[in-house]
Amino acid sequence: MSIDVNNESGIEIDEPAVLDIARYALARMRIHPLSELSVIVVDAEAMEQLHIQWMDLPGPTDVMSFPMDELRPPAKDDEEPPQGLLGDIVLCPEVAERQGQEAPTQHSMDEELQLLTVHGVLHLLGYDHEEPDEKAEMFGLQAAIVDGWRTERGLTGPSPAPTVS
């Protein structure tokens, strides 16, 4: 799996953890191991510009996903996953910091960025949360991936509660 993390935010983040959880999520979703993903970390001003440009919404947001080849997980266990470019995930640590502090189970900016990375991966794979049933599916899968990753790494304490909207 080729995953690039490019931090343009000026804020120090746990890049190895973002890379690792992205790799874990893609493997768990059975995405071809030669597929490519880019994670870009930007400041609030840059994220606000993207949010206005692509969503026509004011203010910075936590995560945005820009799919390329519209790859999807294989429908059957014996099906070979296609190889391709997944696309870009853009993260904003300033928003992640605030969301982590405001969450019911307070957690760090880095834990929020890990959650947001999984959220972005799922969006790239076609998952959404506009409708209640879609939200239940996506957030359930997101929690399972984050919990599985944390368990495999021996991380203790409660997993971050979903704070993405």
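At what angle do helix α4 and α5 pack, and how far apart are their axes?

**Entry 1, ground rules.** I note that this is a predicted model, in which local features need pLDDT of at least 70 and side-chain atom pairs count only at pLDDT 80 or more, while totals for chains, interfaces and linings use all residues. Residues are numbered from 1 along each chain as its sequence is written, and side-chain values use heavy atoms, with hydrogens and water left out. I took helices (H or I, at least four residues) and strands (E, at least two) as DSSP runs, numbered from the N terminus.

**Entry 2, α4 against α5.** I looked up helix α4 (residues 109–124) and found that it packs with α5 at an angle of about 130 degrees, the axes being 10 Å apart; axes here are lines fitted to C-alpha atoms, for helices over the stretch in contact, and angles run from 0 to 180 degrees between N-to-C directions. That makes α4 oblique to α5, where angles under 35 degrees count as roughly parallel, over 145 as roughly antiparallel, 65 to 115 as roughly perpendicular and the rest as oblique. The crossing is right-handed, a term used if the near helix is turned clockwise from the far one by less than a right angle. Among the residues in contact (heavy atoms within 4.5 Å) are Leu115, Val118 and Leu122 of α4 and Phe139, Ile145 and Trp149 of α5.

**Entry 3, α1 against α5.** I then turned to helix α1 (residues 15–28), which packs on helix α5 (residues 132–152) at about 120 degrees, with axes 10 Å apart, and α1 and α5 are therefore oblique to each other. α1 passes α5 in a right-handed crossing. I listed Ile21 and Tyr24 among the α1 residues that meet α5, whose own contacts include Ile145 and Trp149.

**Entry 4, the sheet.** I found an open sheet of four strands in the order β1-β2-β4-β3, with mixed pairing; two strands pair if DSSP finds at least two bridges between them. The edge strands are β1 and β3 (63–67), each pairing on one side only. Strand β1 (residues 2–7) pairs with strand β2 (residues 36–41) in the parallel sense over six bridges, and six bridges also join β2 to strand β4 (residues 85–91), again running parallel. I followed Ile40 in β2, which stands opposite Asn6 and whose bridge partner in β4 is Val90.

**Entry 5, helix over sheet.** Last, I checked α4 against the strands: α4 lies across β2, β3 and β4, running at about 145 degrees to β4.
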